[in-house]
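Reader: I am a first-year student, and I should like to examine one part of this model closely. Please choose a starting point on the surface and lead me from there to the metal site, with each term explained.

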Amino acid sequence: MRIAATADLHFTPQRLSPLHDQLNRVRDEADVFVVAGDLTNYGRPEEMEPLLNVLVRLRVPTIVVLGNHDYESGRESDLIRMMSEEGIKVLDGSAYERDGVGFAGTKGFVGGFGRGVLTAFGEPEIKTFVRASIDEALKLERAVSQLRTTKRVIVLHYSPVAGTVEGEAPEIYPFLGTSRLAEIVDRHGADLVLHGHAHNGKREAKTTGGVPVYNVAITLLQAQNPPTVYRVIDV
Ligand SMILES: [Fe+2]
Ligand SMILES: [Fe+2]
């Protein structure tokens, strides 16, 4: 299966026609299209509507997770409903199988990496914050456990490893993802992890268990030579 993957479209209506032209060939180059969060800039249904128009006209099965920007207006459930009604598979702690390949996805959350992972100690506010991070890891675990396929692709918005956020300011690493997500990936096994969010990160890294992690933020893809708007991966 050929997967075309991108993230961080941060779609606003002004971007409509260039984006449509750039994505037009996805159907010839891939069997499924994955968007790893931050589809919209402010999470408004008015942004989602024209974007949906573009996505539907690609006529390729599309799998998405939401990103933090898609939550900004508190309308995330409207966005999910709008996409689902058009046949787009929105993964939110859930799984989807297609042609023998299993996709498990969730947004993920912040929290830090390795020895720097924030733990639930001290003020209730810290505990609530850490709880949100653990909950997303549990959602991922629930999603992966549902898969019956040998080929597995994990879709996240936040990064599970520090390796693909390198290039961003080190001060903000803990806000770009958490290795709690990578622990789930390594415990259950996967062929590939796709994520976005770290617009200035690195394109590739691996989990400690050796699972390839691709940061498919569109900013990184467009900075390549030649620039692209999605990365095609064979699984
Ligand atoms: Fe983003
Ligand atoms: Fe983001």
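**From the surface to the metal site**

Author: Leu 118, Phe 129, Ile 172 and Phe 175 make up a nonpolar patch on the surface, and their accessible area together is about 320 Å². Such a patch consists of residues with over 30% relative accessible area and no salt bridge, with nonpolar side chains (Val, Leu, Ile, Met, Phe, Trp, Tyr) joined within 5 Å and like charges within 9 Å; areas come from the Shrake-Rupley method with a 1.4 Å probe, only the protein chains shown counting as cover for residues. The model is predicted, so local features need pLDDT of at least 70 and side-chain atom pairs pLDDT 80 or more, while totals for chains, interfaces and linings use all residues. Residues are numbered from 1 along each chain as its sequence is written, chains are lettered from A and ligands numbered from 1 in the order in which they are written, and side-chain values use heavy atoms, without hydrogens and water.

Within the patch, Ile 172 is partly exposed because its relative accessibility is 33% (buried is under 20%, exposed over 50%, partly exposed in between, with a 1.4 Å probe and protein chains only). Ile 172 belongs to the loop between β7 (151-155) and α6 (179-188) (DSSP runs numbered from the N terminus: helices, H or I, of at least four residues; strands, E, of at least two).

The loop between β7 and α6 also holds His 157, which leads to the metal site. The iron ion (ligand 2) has as protein donors Asp 38 (OD), Asn 68 (OD1), His 157 (NE2) and His 197 (ND1), at 2.1 to 2.2 Å (donors are N, O and S atoms within 2.8 Å of the metal, or 3.2 Å for Na, K and Ca; water is not among the atoms, so sites may look incomplete). Along the sequence these donor residues follow the spacing D-x29-N-x88-H-x39-H. His 197 sits in the loop between β8 (192-195) and β9 (204-206), so that His 157 and His 197 tie together parts 40 residues apart in sequence. His 157 and His 197 are both buried. The arrangement around the iron ion (ligand 2) is irregular, because its four donor atoms subtend angles of 90 to 157° (four donors are tetrahedral if all angles lie between 85 and 135 degrees; four are square planar and six octahedral if opposite donors are over 155 degrees apart and all others between 65 and 115; anything else is irregular).

Asp 38 bridges this ion and the iron ion (ligand 1), and the two ions lie 3.3 Å apart. For the iron ion (ligand 1), the protein donors are Asp 8 (OD), His 10 (NE2), Asp 38 (OD) and His 199 (NE2), lying 2.0 to 2.2 Å from the ion. Here the angles subtended by the four donor atoms run from 91 to 170°, and the arrangement is therefore irregular. The donors of the iron ion (ligand 1) are spaced D-x1-H-x27-D-x160-H along the chain. Asp 8 is in the loop between β1 (2-6) and α1 (16-23), and Asp 38 in the loop between β2 (32-36) and α3 (45-57), so this pair ties together parts 30 residues apart in sequence. Asp 8 counts as buried because its relative accessibility is 3%, and Asp 38 counts as buried at 1%.

Note on methods. A salt bridge is a side-chain nitrogen of Lys or Arg within 4 Å of a carboxyl oxygen of Asp or Glu.
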